[in-house]
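Before you use this model, I would ask you to look at its charged side-chain pairs with me. The numbered points below are meant to be read beside the structure.

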Amino acid sequence: MVHIVGAGPGAPDLITVRGKELISQADTIIYAGSLVNPALLEYRKEGCRVLNSAYMTLDQVVEAVRETEAEGKMTVRLHTGDPCIYGAIREQMDEFDRLGISCQVCPGVSSFCGAAAALNMEYTLPEISQSVVITRMARRTPVPERESIASFAAHGATMVLFLSSGMVAELAAELMRGGYGADTPAAIVYRATWDDEKKVVCTVGTLAERAAGEQIRKTALIIVGNAVSQSGYALSKLYDSGFTTEYRQGSDTEGKERK
Ligand code: SAH
């Protein structure tokens, strides 16, 4: 059995209880060394084989899993954040299927959640934005044209940009081409939840200069939209004193002030 495990965004205590348990049982751990905190490997049992996938091809990863399976043992494939976001897990799971190796995914805390926590931020503020667009700039991995940054920017929703901190000037230009004003609030969170985390709150117009000033070129998320200001929103219906829910009878008083 292979377990694809989400390692969380960086801080070793942000792995799930299940993920930690799986690490402690694994006979082989293949971890994404470029982003996974190696401190997580300390949870492994004695004699566990550890491989860093940063130095491996897909075929080598699959081969290491196959060898472990042949001995009737268990592999943990440790991915950063949550494996469902830019984890390249489909291609691995297809190979495991082809070899008849069963596979299960254990979710993790994605870095986009870690970044929101670093900023004490709610992405979905009533009457500001109720949607979060997770996307990236095209680089060696292309992005379909219909998913251009500019086309998403036109919605004015909260956007979280992965894999794009090396091309912030181009990103800002695309955001503005799509309709975000230069004064739209934005933030950069570098290595969210790691000890050397950095966070910068700025605007779309100052993104490039602020990223350069902080020397941030990788392992960062860029968050864009009016939600970043965390103001001007309406109070939620859920906790509105005048609103009746399945669990609570509301009064007639409307409690809908703006913050
Ligand atoms: N599956 C991962 C994303 C992998 S893609 C997840 O759910 O988070 C790798 C990109 O994720 C990086 O280029 C960076 O944009 C982002 N990233 C990963 N860890 C991060 C962290 N701790 N802080 C900020 N961005 C991070």
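What follows is a short set of points on salt bridges and on the exposure of some of the residues that form them.

1. Please keep in mind throughout that this is a predicted model. Within it, the structure holds 10 salt bridges, and the points below take up some of these, including the pair formed by R66 and E63.

2. The side chains of R66 and E63 meet in a salt bridge, with an N to O distance of 2.8 Å. Both residues belong to helix α2, which spans residues 58-70, and because they lie 3 residues apart there, about one helical turn separates them. R66 is partly exposed, its relative accessible area being 36%, and E63, at 30% relative accessibility, also counts as partly exposed.

3. A further salt bridge joins the side chains of E71 and K73, for which the N to O distance is 3.5 Å. Here E71 is exposed, with a relative accessible area of 54%, a value that falls in this class because exposed means over 50%. K73, by contrast, has a relative accessibility of 37% and so counts as partly exposed.

4. R191 and D196 also form a salt bridge, in which the closest N and O atoms are 2.8 Å apart. Of this pair, D196 counts as partly exposed, at 36% relative accessibility.

5. Finally, I would draw your attention to R90, D94 and D97, which are linked with one another in a network of salt bridges. As general background to these points, side chains of opposite charge can pair when their charged atoms come close.

Conventions
Residues are numbered from 1 along each chain as its sequence is written. This is a predicted model: local features need pLDDT of at least 70, side-chain atom pairs count only at pLDDT 80 or more; totals for chains, interfaces and linings use all residues. Side-chain values use heavy atoms; hydrogens and water are left out. A salt bridge is a side-chain nitrogen of Lys or Arg within 4 Å of a carboxyl oxygen of Asp or Glu. Helices (H or I, at least four residues) and strands (E, at least two) are DSSP runs, numbered from the N terminus. Buried means under 20% relative accessible area, exposed over 50%, partly exposed in between (1.4 Å probe, protein chains only).
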